[in-house]
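Work through the following exercises with the sequence and coordinates open. Each task is followed by a solution in steps.

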Amino acid sequence: MPELPEVEALRDFLTEHLTGREIVRVLPVAISVLKTYDPPLTALEGRRVAAVHRHGKFLDVETADGPHLVTHLARAGWLHWKDGLPSGMPKPGKGPLALRVALETGAGFDLTEAGTQKRLAVYVVADPQQVPGVARLGPDPLADDFDEARFAALLDGERRQLKGALRDQSLIAGVGNAYSDEILHVAKMSPFKLAASLTDAETARLYAALRGTLTEAVERSRGIAAGRLKAEKKSGLRVHGRASEPCPVCGDTIREVSFSDSSLQYCPTCQTGGKPLADRRMSRLLK
């Protein structure tokens, strides 16, 4: 799933390639991705792109004096830029293509989604706050006003485990499964540690890990073409997706805890005092 760093890199890329250009066609190929109907997709056509924004994991293409095209790529969605779009109409139901946006220049982008779980979402709205997922977002962890005191206030009284708290978009916007693993590894904390149990020193360490990990990932992705961002993300991850590999910090074997539809990775030496976590749902530290 694209998370804050990749979506921010896509925002940078689209700002350069879309701003000031006219949208001439918006072609829905998989109707299921469209979550709104008023304004219609055709309201985007004939308008120039004024700006591109990011709200957590949401991309927002703003048109001049017109609606916003907001999309959430979900777990298996992606954006593919093409300097020259194929001629002719795409055929519904053929392949992963969900939506095509064509510019006056002949360039444009496709939104695609692999797999059978179709969660890619597209909205056409007058205001991005009309998108339920955007409206409920918590603060952006890279915003200038997101300081340590604000972070501490969010965690105050939070009874959930750190892994779940970091992934909650209504608490902090943009962090998902991969970067929550990375942040907790840098902070040297168990994913199952209760957020409310953090000392002031631990809160400061987690805040530094949060900001540092995301900032580093954004800088690493900046300037990379949209088609190469997935590979860049994978190459930069230190523990997520690297079960059975050695920890780059201490050399211990990276372990995994699997759930019904996801998994997490961690280093026992760095994060859990050398104790492995039980690999079952509702996992707890082995006694």
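**Exercise 1. Packing of two helices**

Task: Determine how H3 and H6 are oriented relative to each other, and which residues make their contact.

Solution. The model is a predicted one. H3 and H6 are roughly perpendicular to each other. To see this, take the helix axes: H3 covers residues 148–155 and H6 covers residues 200–221, and the angle between them is about 115°. Angles from 65 to 115 degrees count as roughly perpendicular. The axes lie 10 Å apart.

Next, assign the hand: the crossing of H3 and H6 is right-handed. The contact is formed on the H3 side by Glu148, Phe151, Ala152 and Leu155, and on the H6 side by Thr203, Ala204, Leu206, Tyr207 and Leu210. Sorted by character, the contact residues of H3 and H6 comprise seven nonpolar, one polar and one charged.

**Exercise 2. Length and burial of H1**

Task: Compare the span of H1 with the expected value, and state how many of its residues are buried.

Solution. Helix H1 runs over residues 4–18, which is 15 residues. The expected span is 1.5 Å times one less than the number of residues, giving 21 Å for H1. The distance from the first C-alpha of H1 to the last is 20 Å, close to that expectation.

For burial, apply the cut-off of under 20% relative accessible area. In H1, 12 of the 15 residues pass, and the helix is mostly covered. Among the buried residues of H1 are the charged residues Glu6, Glu8, Arg11 and Asp12, along with Leu4, Phe13 and Leu18. Just after H1, Gly20 has a positive phi of about 85°.

**Exercise 3. Backbone exceptions**

Task: Locate the cis peptide bond from Asp38 to Pro39, then place Ala74 and Lys188 and state how accessible each is.

Solution. Start from the general expectation: most residues other than glycine have a negative phi, and most peptide bonds are trans.

- The bond from Asp38 to Pro39 is cis, with omega near 5°. Pro39 sits in the loop between strand S1 (22–28) and S2.
- Ala74 is not a glycine, yet its phi is positive, about 55°. Ala74 belongs to the loop between strand S4 (68–72) and strand S5 (77–82). With a relative accessible area of 7%, Ala74 is buried.
- Lys188 is likewise not a glycine and has a positive phi of about 60°. Lys188 lies in the loop between helix H5 (177–187) and H6. Its relative accessible area is 43%, so Lys188 is partly exposed.

**Exercise 4. Surroundings of two buried residues**

Task: For His55 and Asp168, decide between buried and exposed, and list the residues each one touches, leaving out those up to four places away in sequence.

Solution. His55 is part of strand S2 (residues 47–55). Its relative accessibility is 18%, so His55 counts as buried. Leaving out residues up to four places away in sequence, His55 touches Asp60, Pro128, Val134 and Leu137. As a distance check, His55 and Pro139 are separated by 84 residues in sequence and by 9.5 Å in space, C-alpha to C-alpha.

Asp168 is in the loop between helix H4 (162–167) and H5. At 17% relative accessibility, Asp168 also counts as buried. With the same sequence neighbours left out, Asp168 touches Arg136 and Arg160.

How values were computed: Residues numbered from 1 in each chain as written. Predicted model: local features only at pLDDT ≥ 70, side-chain atom pairs only at ≥ 80, totals over all residues. Heavy atoms only, no water. Axes fitted to C-alpha atoms, helices over the stretch in contact; angles between N-to-C directions. Helix = DSSP H or I, 4+ residues; strand = E, 2+ residues; numbered from the N terminus. Parallel < 35°, antiparallel > 145°, perpendicular 65-115°, else oblique. Left-handed = near helix turned anticlockwise from the far one by under 90°. Contact = heavy atoms within 4.5 Å. Buried < 20%, exposed > 50% of the residue type's maximum accessible area, 1.4 Å probe, protein only.
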